[in-house]
Amino acid sequence: MKPTKKKKTGIKNLRIKYNKVFGYFIEVTNSYKDMVPERYIRKQTLTGSERYITSELKEIEEVILGAEEKVTDLEYDIFCSVRNKVSSEINRIQKTAEILSLTDVLCSLGEVADKNNYCRPVVNNGNVIDIQGGRHPVVELTGREAFIPNDTLTDCDENRLLIITGPNMAGKSTYMRQTALLVLVAQIGSFIPAAKATIGICDRIFTRVGASDDLATGQSTFMIEMAEVANILNNATKKSLLILDEIGRGTSTYDGLSIAWAVLEYIADKKSLGARTLFATHYHELTDLEGKIDGVKNYCVAVEERGEDVIFLRKIIRGGTDKSYGIHVARLAGVPGLVLKRAGGILENLIEKSGISIDFPSDCPQYDNEPREPLRLKLEEDKKTAVIKEISKLDLNNITPLEAISILYDLKTKTEGL
């Protein structure tokens, strides 16, 4: 074994170092610089030490640095060789990857189906979607409460449009999304979370759910909602499945109700569309359309009232509802009691005075088979009633001629257009 530089020179703190400027060099502190051999070439003087190089060290440096370059070149050559080999077998690799990915998907679907008690649906070219005991594949695993299964029956005939009413937070949106998900998952060839199911193939699934705006393009929430509705009505077919959640809620009550009714009417009409549709709404007036428009059926979310408390049973049942329980939901959210009490009083007053109702055109007896005319709310009747009440309250014995002319002018203004 060759003696080290320290032993040869007797310099105990001799160090061999490297930097990018000088390469490799020998560093000796000033206390030992008198012991440095003459063949050491001084390269740099520092405050407490001197740096030297030797011909031998430079030769070693060339070998080391050359080796690094050779390693880099060798690595690149190997990389190019592997790349060219892979490229020549690209078709086989892609085919293998496709088979592996498909196998992975099928194994995952099979594992989930076995673990969570899914059923094998019957998928055919018919129009019936009949799901018994359906469950939401995500909510049932992530929810804190036990998931309540629900049935769904829709087709292109007697059950083509289901109007779903019920309170906020009761599960309407979950139920509708659940139906769309089960149809989609069944059509990709998977088992689905249900007791039993028959799925008539849908060409597309259209959804209008959620609320958002687009500040960048200057579009309001309601504008985006209407654009989505327009896209659905212009592109859906009789073989489509439509999921519509709260159409018309971004504008005034009368505007929103009119739009929701017109959209519902257009979809239900076999001549214009006739697609299978789940239509959730808080416009309870629309529940009157069952029996008046062919194919419309009412469903609602079951609710149990216990005093001021409301229990959401999460069960979809036949029939409509005339309550939204919005104040109850506000109580659950923690809104102050004083606000809730005031809201309750205002609600009772509004319900008492509203009297809003909807009529079908009197000149359209065969409503399901005739062209639709514009909707008509009984706003005229409300105005007439208000005018009559105002007249009945007048004290004719104590009115001056000038006051009588003013009252008559006001009444004429209020009755314009009636």
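Start with strand 1 and strand 2, which pair in the antiparallel sense over 5 bridges. The model you are looking at is predicted.

**Stop 1: the hairpin**

Select strand 1 (15-19) and strand 2 (23-29). The two form a hairpin, with 3 residues between them. Now pick K17. Its bridge partner in strand 2 is F25.

Stay here and show the side chains of Y18 and Y24. Their ring centres are 4.7 Å apart and their planes stand at 45°, so this aromatic pair is tilted. Is Y18 buried or exposed? Neither label fits: Y18 is partly exposed, with a relative accessible area of 42%.

**Stop 2: the sheet around the hairpin**

Widen the selection to the whole sheet. It is open and has 4 strands, in the order 1-2-4-3, with antiparallel pairing. Which strands stand at the edges? Strand 1 and strand 3 (41-45) do. Each has a single partner strand, so one side of each is left without a neighbour in the sheet. Neighbouring strands here are turned by 40° against each other on average, ignoring direction.

Next, select strand 4 (residues 49-53). Strand 4 runs antiparallel to strand 2, and 4 bridges join the two. Click on I26 to find one of the paired positions: its bridge partner in strand 4 is Y52.

**Stop 3: helix 2**

Move on to helix 2, residues 55-88. This helix has 34 residues. From first C-alpha to last it reaches 49 Å, close to the 50 Å expected at 1.5 Å a residue.

What does helix 2 lie across? It lies across strand 1, strand 2 and strand 4, and runs at about 140° to strand 2. Colour L57, E61 and C80: these residues of helix 2 are buried. The cover over the buried residues of the helix includes strand 1 and strand 2, the hairpin from the opening stop.

Now show Y76 and F79. They form a tilted aromatic pair, 6.3 Å centre to centre with 35° between the planes. The two are 3 residues apart in helix 2, so about one helical turn separates them. F79 is partly exposed, with a relative accessible area of 46%. In total, the model has 3 aromatic pairs.

**Stop 4: a mixed sheet**

Go to another open sheet. Its 4 strands run in the order 5-9-6-7, and the pairing is mixed. The edge strands are strand 5 (122-124) and strand 7 (150-154), each pairing on one side only. On average, neighbouring strands of this sheet are turned by 15° against each other, direction ignored.

Select strand 6 (residues 129-134) and strand 9 (residues 196-200). They run antiparallel and are joined by 4 bridges. To find one of the paired positions, pick Q132: its bridge partner in strand 9 is K196.

**Stop 5: strand 12**

Now select strand 12, residues 276-280. How many of its 5 residues are buried? The count is 5 of 5, so the strand is largely enclosed by the rest of the structure.

In a regular strand, side chains alternate between the two faces of the sheet. Turn strand 12 to view each face. R276, L278 and A280 lie on one side, T277 and F279 on the other, and all are buried. Both faces are therefore covered, since buried means under 20% relative accessible area.

Add the partner strands. Strand 8 (residues 161-165) pairs with strand 12 in the parallel sense over 4 bridges. Here I163 stands opposite F279. Strand 11 (residues 241-245) also pairs with strand 12 in the parallel sense, over 5 bridges. There, the bridge partner of D245 is A280.

**Last stop: the whole chain**

Zoom out. The protein has 11 helices and 16 strands. Buried residues make up 31% of its 418 residues. Among contacts with a separation of 6 or more, 63% are between residues 24 or more positions apart.

Finish by colouring by pLDDT. The protein averages 83, and 86% of the residues score at least 70. Where does pLDDT stay under 50? Select residues 357-379 to see that stretch. For these residues the model has 42 contacts beyond four places in sequence.

How values were computed:
Residues numbered from 1 in each chain as written. Predicted model: local features only at pLDDT ≥ 70, side-chain atom pairs only at ≥ 80, totals over all residues. Heavy atoms only, no water. pLDDT = per-residue confidence, 0-100. Contact = heavy atoms within 4.5 Å. Expected span 1.5 Å × (residues − 1). Buried < 20%, exposed > 50% of the residue type's maximum accessible area, 1.4 Å probe, protein only. Pairing = 2+ DSSP bridges. Axes fitted to C-alpha atoms, helices over the stretch in contact; angles between N-to-C directions. Phe/Tyr/Trp six-rings, centres within 6.5 Å; stacked < 30°, edge-to-face > 60°.
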